[in-house]
Structures are given as structure tokens and as C-alpha cells.
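Colleague: Please take me through this model one point at a time, and tell me what each term means when you first use it.

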Amino acid sequence: MMQYTPYAEDQLDYNSQNPLAVSEEEEGNSSQAAMAEEVERKPVLEMVQADGTDGNCVTFVLHDEDHTFGNSLRYMIMKNSEVEFCGYSITHPSESKINFRIQTRGGILAIEPFRRGLTELVDVCQHVLSKFEASVKEYKAQREAEMD
Amino acid sequence: MAVEKVFVYNNTSIVQDEILAHRLGLIPIRADPRLFEYKNQGDEEGTEIDTLQFQLKIKCSRNPHSAKESSDPNELYINHKVYSKHITWVPLGNQADLFPDADLRPVHDDILIAQLRPGQEIDVLMHCVKGIGKDHAKFSPVATASYRLLPDITLLQPIEGEAAETLKKCFSPGVIEIQNIKGKKVARVANARMDTFSREIFRHDDLKNLVRLARVRDHYIFSVESTGVLPPDVLVSEAIKVLIGKCRRFLDELDSNHME
């Protein structure tokens, strides 16, 4: 079996070149220790903030995701009127991560619409799932009745 | 589930080992992947919770009862065509008890794997594991999946007589229906859903301005075909659950980051 740890080396480079890659809570020196920890277990989510901006413009780096998730989440977050800008890009076709940018109108931190978008996407999925399963059940029952 | 590893004990057929292994990998296996775990990376030996074992052992021989003058290989040789039906399941651990009546075998019996001549044989052992389509398409239980929007056809004016017949021919069968009202043929949209958007109507200058073709922007028609491993309605449910799982993964990550 092929054994590969995708983009592990890449990840190291990314972290060392991006001192800006800090998570909201732990800015500054403490982030170095957190980074070392991050490298060991595969990172899922990172937050990148440019210099001189506060928490209302954040780029989230979502690892191991593509248009499937990126586009649906962007759609959900765009529905939020607090959000000024929301977009995503796939960094490179051979890297499995997306840069997900959220810019709010200033009042709130970018992480809030991000979290809300995720929860709303779960709600939408659950609604579709329950409706779908109910309809399939109904259809099957109807077809069985026709057979008899 | 799909064949991931092939142990070739003997292969004297003209199909090379690696080609044979690739062909075996693409055969859909009728086993519910939800009952199995993903195999851990670096784990060489499979266990009963993540691996299914299959065997393909077949040898071609001459048919002693064939007619002398025959030149038909089907009559001359026995086992000269190796089909997926020749693959047999070899239970690992307690699998025989776990799946007492489960028919673990390829979805189709008539997939031609190789052709043999007398004396040639194939003896391989296969390990099937669970995987995802992103890694290799052989793991995907979906054959085709597509969606389209519901067509919306409106007749802007009543269309009667010969024109109604022409209109009917412009669309897929069943879309336009012709009614007889007071001895007159009148066209009516019977079932817009049947339409394929052929746009044939736009070749008729006299008709094209009388019809409006549109799509219902919030009515999606998904079409999902399965390879036969799982029923298509299960595939849709599972796909939605995967998307929920992706959201949960990031929500959990957000929560754990805030805890630190």
C-alpha cells in the first residue's frame, strides 16, 4: 500500500513562513508552542490575520477540503447581512486546503459568522436529510401499496 | 469496499500481475462499507473489522468431450474465461458468524477478468478495504450523479391546429399534449419535467416567440445511479451525513481552540 502523509513537509514550511498564523486566543509568543503542537497532529483549521487589522478580517485555512465544502459554506455565510465579504480559493490543485476569507462590517469578529455559517449549514443538511428520508419512506410505502 | 492488495501466488496467464491486480481492484464488491472500519495507515495485516478476503483460483484445461473438428474455444477449453463469479469469499476471523447469510461477492457475475489457455492458471488472494472516492474511484459506490433544474414551459398564446402538432414534435415525448376542444386541436403543456431542453423550438420562426422556456431556479432534480453496492437513496442520505460531518469537524476544532 502506498504510504504518504500528504503535505506534511509543506505544512512545516507554511507555518515557519507565516508568523501571522495565530489563533485568536493566543497571539504573540505563546503561539510558537501551539504551532509545534499543531505540526504533530494534522492541522484542521488555522486562522490568519494580516498586520494592523483586528478580528473582523480573518482568513481561515481549512485543511483537507475543497469546493464541496467551501462553496456551500460560502453560500451560507453570504446570507448573513453582517458579512461584508466572504470568498474562498483553493491555494493550489495539489494542495488539499482552501483559504476562506471573511470580512465583517466591523461590528463583530469574523469568527462569529464563520461559526454561525457552520451551524446553519448543519441545520440545512439535517432538514434536507429528514425531508428526504420521509419522502423516500412515503414513496416506498406507496409503491408497496400499489404492488399489493 | 474494493480490492486494495493482491497476493499473486501463481499467474501464468498472459495478463501481467499488475494489470490483473488493477482489473481486480475495479470490480465492485457487494458488501456494506458501513459495517467496516477504515484500515489504519501503515497497518500491513488486515483484521476482520477492516478487511475482506477473496480468493481467485482457476486453471484452464482442455475439454476432453469436445468435438474433434471444433475450433470454438468455448467448446475446446474448460475455464478459459475467468469471470468475477469465480471469485470466492474467504472469511477472516469471526466474519463467517457476523455475516451468516451475507452474500459477499462481486456485484456482477459476468465481468471478464482474463482469458486463459490450457495449462495456464491464476491463483491470487485479494484483500478488500474501505476507502473513499477521493483516493481512488474504485471505492466510490456512485456510478453517475448529476442534477438539473426543473424546466418551466409556458405557452404565451394559444397554439392551435397544425402549429400545435409542430410544437409537440419540438419537445420530448409527453411534454406537450394536444387536446380536442370543439373540433380544434389545442396544445397544452402536459409535463414540463420530461423536457430535455433541446431548444428545437427556436428553429421554427413562427413558433419561437409564442413559447417561453425557463427553469425553476429553486427546484433541483438530482439523478443518482449506484454501482450496486448500496441503493441510491442510501447514497444520498450518506452524502448529506458526510457534509454534516465536515461542518462538525470544524465546529469541534473551533470549540477546542477556544478552550485552550
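Colleague: Which two strands of chain A form a hairpin with 6 residues between them?

Modeller: In this predicted model, local features need pLDDT of at least 70 and side-chain atom pairs count only at pLDDT 80 or more, while totals for chains, interfaces and linings use all residues; side-chain values use heavy atoms, without hydrogens or water. Residues are numbered from 1 along each chain as its sequence is written, and chains are lettered from A and ligands numbered from 1 in the order in which they are written. Residues 83–90 and 97–104 of chain A are strands that run antiparallel and are joined by 7 bridges, where a strand is a DSSP run (E) of at least two residues, numbered from the N terminus, and a helix one (H or I) of at least four. The hairpin, with 6 residues between its strands, is formed by β3(A) and β4(A).

Colleague: Which residue of β4(A) is the bridge partner of Phe60(A)?

Modeller: Strand β2 (residues 57–63) of chain A runs antiparallel to β4(A) and is joined to β4(A) by 7 bridges, and two strands count as paired if DSSP finds at least two bridges between them. From β3(A), Tyr88(A) stands opposite Phe100(A). The partner of Phe60(A) in β4(A) is likewise Phe100(A).

Colleague: In what order do the 4 strands of the open sheet in chain A lie?

Modeller: Along the chain, the elements run α-α-β-β-α-β-β-α from the N terminus on. Within the sheet, the pairing is antiparallel and the order is β1-β2-β4-β3.

Colleague: At about what angle to β4(A) does helix α4 of chain A run?

Modeller: Angles here run from 0 to 180 degrees between N-to-C directions, with axes as lines fitted to C-alpha atoms, for helices over the stretch in contact, and contact means heavy atoms within 4.5 Å. Helix α3 (residues 67–78) of chain A lies across β2, β3 and β4 of chain A and makes about 175° with β3(A). Helix α4 (residues 111–147) lies across β1, β2, β3 and β4 of chain A, and its angle to β4(A) is about 120°.

Colleague: Turning to chain B, which strands stand at the edges of its open sheet of 4 strands, and why is one side of each left without a neighbour?

Modeller: The sheet has antiparallel pairing and the order β1-β10-β3-β7. Because each edge strand has a single partner strand, one side of each lacks a neighbour in the sheet, and these strands are β1 (2–11) and β7 (88–90) of chain B.

Colleague: Which residue in β10(B) stands opposite Lys57(B)?

Modeller: Strand β3 (residues 52–59) of chain B and strand β10 (residues 121–129) of chain B run antiparallel, with 8 bridges joining them. Opposite Lys57(B) in β10(B) stands Asp123(B).

Colleague: Does Ser61(B) count as buried, partly exposed or exposed?

Modeller: Ser61(B) lies in strand β4 (residues 61–62) of chain B and, leaving aside residues up to four places away in sequence, touches Leu76(B), Tyr77(B), Ile78(B) and Pro118(B). Buried means under 20% relative accessible area, exposed over 50%, and partly exposed in between, with a 1.4 Å probe and protein chains only. Since its relative accessibility is 31%, Ser61(B) counts as partly exposed.
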